[in-house]
Amino acid sequence: MTEPRFIKFYETTLRDGEQTPGVNYFPQEKLQIALALEAMGFDTLDCGFPASSPGEFEAVRLIASKVERSEVCAIGRAVKSDIDTAWEAVKIAPRSAIQPFVSVSPLHRKAKLGKTREEVLEMARTAVAHARTYTENVDFALEDTTRTEHDFILEVCAALVKEGVRFVTLCDTVGYALPWEFGQLVADVRKEFPGVRISVHCHNDLGLAVANALEGLRNGAERVDTCINGLGERAGNAATEEVVMAVRTRSADLGLDVSVDTTKITATSRLVADLSGMTVQWTKPVVGRNSFSHGGGIHQDGVLKDARTYEIMTPESIGLTSADRRMHVGKLSGRAALAAQLHELGYDLTAEPLGRAFNMAKLLLMKKRELEELDLRYIAEAAITTPAQLTTATTEAGSS
Ligand code: MN
């Protein structure tokens with residue numbers, strides 16, 4: 001078996017993630033997130049767009065003054081003043097980088113920029129040339145790459161490579177690509193420029209961000225742009241925790257691996273949810289509160305016997321413990337889950353009282369959507385003391 005290739009991360013929670021409508025971090029909060037991301041071991045932190053506002057400039061500069069291990073990057077339009085401001089904000093960091101960008105698609109060129117192909121090509125080329133006067137760590141992002149003429153993508157890449165660009169970032173800015181198309185795009189650019197280093201930036205408008213990112217990586221991209229909790233413009237970016245755990249869980253089959261500390265995922269996700277104000281939905285992959293919760297009786301029985309029956313990751317791998325595993329006692333759940341829940345509350349019921357408790361729980365769930373701790377305690381106490389005539393036969397429900 002060949003050794004897996006370790007992928008790099010361009011973690012953009014602090015930049016694209018802050019472009020989530022409704023998110024606005026204060027500088028100290030951005031720093032707090034930056035330090036959490038650094039502790040997880042991400043390679044590059046995309047910290048913001050310093051030319052966009054004085055507050056943003058200060059926040060990026062604050063991060064650059066504190067973060068030591070991760071590379072601190074800032075973005076800017078492919079214009080001289082944005083690049084100057086970006087560099088000014090990050091240059092004090094031990095490791096710094098800048099990433100100018102320009103839209104390359106015909107729609108963006110015409111509708112947004114009012115520029116020709118030649119003009120856009122020249123903007124990209126001169127931006128890299130100018131940024132390179134400051135540092136060798138110059139990456140360039142081709143906004144809306146996936147809706148751009150194939151020959152123009154290659155033409156822009158050729159110019160960037162000639163100017164000494166470090167990473168070329170291929171962007172599915174509007175989440176339009178299908179996984180095999182995006183994989184092919186990366187493979188095509190790699191074939192044309194074997195030495196080029198590619199980063200992939202994928203949005204989730206069709207729920208394909210992670211799939212597209214994985215296809216990009218599988219086809220030779222070295223680096224992936226991601227946001228914690230899948231934050232970002234509109235439907236967000238490829239979620240950091242999803243890419244990390246997908247690569248880790250299927251490492252052998254992908255031939256890829258990650259070097260980040262996965263056990264810090266939960267804490268970082270909660271920090272970002274807290275500071276961004278963006279609540280994580282319960283069914284969100286990896287970090288949703290239901291990731292290790294089981295509702296169906298058959299599932300619960302399986303998990304209680306061997307968690308691998310219905311879990312492909314362990315709670316420990318993302319910084320939780322087996323105590324965070326939840327057996328939801330609901331309409332569809334089984335006796336084993338109720339016994340487990342009652343055990344946690346200090347009640348170890350034998351078969352007969354457990355049967356009574358189970359019946360009471362099911363009856364109560366015809367009136368209430370959810371059983372709370374007090375309900376469970378009441379049921380347990382009642383089951384222990386209630387005469388046997390309350391017992392009626394029920395079957396355990398639950399579906400696969
Ligand atoms: Mn984006």
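**Aromatic pairs, metal site and domain layout**

A search of the whole structure finds three aromatic pairs. The model is predicted; local features need pLDDT of at least 70, side-chain atom pairs count only at pLDDT 80 or more, and totals for chains, interfaces and linings use all residues. Residues are numbered from 1 along each chain as its sequence is written, and side-chain values use heavy atoms, with hydrogens and water left out.

Phe9 and Phe42 form one such pair. Their ring centres lie 5.3 Å apart, with 70 degrees between the planes, and the geometry is edge-to-face. Pairing applies to rings of Phe, Tyr and Trp (its six-membered ring) with centres within 6.5 Å; planes under 30 degrees apart count as stacked, over 60 as edge-to-face and the rest as tilted. Phe9 belongs to strand β2 (residues 8-11), whereas Phe42 sits in the loop between α1 (27-40) and β3 (44-48), so the pair ties together parts 33 residues apart in sequence. Helices (H or I, at least four residues) and strands (E, at least two) are DSSP runs, numbered from the N terminus. Phe9 is buried at 1% relative accessibility. Phe42 is buried as well, at 2%. Buried means under 20% relative accessible area, exposed over 50%, and partly exposed in between (1.4 Å probe, protein chains only).

The rings of Trp87 and Tyr134 are stacked, because their planes meet at 15 degrees with the centres 5.8 Å apart. This pair also links distant parts of the chain. Trp87 lies in helix α3 (residues 80-90), and Tyr134 lies in the loop between α5 (117-131) and β6 (140-143), 47 residues apart. Trp87 counts as buried at 12% relative accessibility. Tyr134 is partly exposed, with a relative accessible area of 32%.

Charges also sit over aromatic rings. The charged end of Arg109 is placed over the ring of Phe152, 4.9 Å from its centre. Arg223 lies over the face of Phe167, at 4.0 Å from the ring centre. The criterion requires NZ of Lys or CZ of Arg within 6 Å of the ring centre and within 35 degrees of the ring normal.

The manganese ion has three protein donors: Asp16 (OD), His201 (NE2) and His203 (NE2). They lie 2.0 to 2.2 Å from the ion. Donors are N, O and S atoms within 2.8 Å of the metal (3.2 Å for Na, K and Ca); water is not among the atoms, so sites may look incomplete. Along the chain the donors of the manganese ion follow the spacing D-x184-H-x1-H. Both His201 and His203 are buried.

Positive phi values occur in residues other than glycine. Asp144 has phi near 60 degrees. This residue is in the loop between β6 and α6 (150-162). Asp144 is buried, with a relative accessible area of 0%. Asn229 likewise has phi near 60 degrees. Its loop runs between β9 (223-226) and α9 (240-249). At 9% relative accessibility, Asn229 counts as buried.

Val243 lies in helix α9. This residue is buried, at 0% relative accessibility. Outside its neighbours within four places in sequence, Val243 is in contact with Ile7, Phe9, Val210, Leu217, Val224, Thr226 and Ala238. Contact means heavy atoms within 4.5 Å. Phe9, a member of the edge-to-face pair, is thus among the residues that Val243 touches. Val243 and Ser293 are 50 residues apart along the chain, and their C-alpha atoms are separated by 21 Å.

The protein contains 15 helices and twelve strands. Its C-alpha trace spans about 85 × 45 × 40 Å along the principal axes. Of its 400 residues, 53% count as buried. Among contacts with a separation of 6 or more, 72% come from residues 24 or more positions apart.

The domain assignment gives domain 1 (5-276) and domain 2 (294-399). Such bounds come from an automatic or database domain assignment. The centres of domain 1 and domain 2, taken over C-alpha atoms, are separated by 45 Å. Seven residues of domain 1 are in contact with seven residues of domain 2. The two domains bury about 540 Å² between them, 61% of it on carbon and sulfur atoms. Buried area is the accessible area (1.4 Å probe) that two parts lose on being put together, summed over both.
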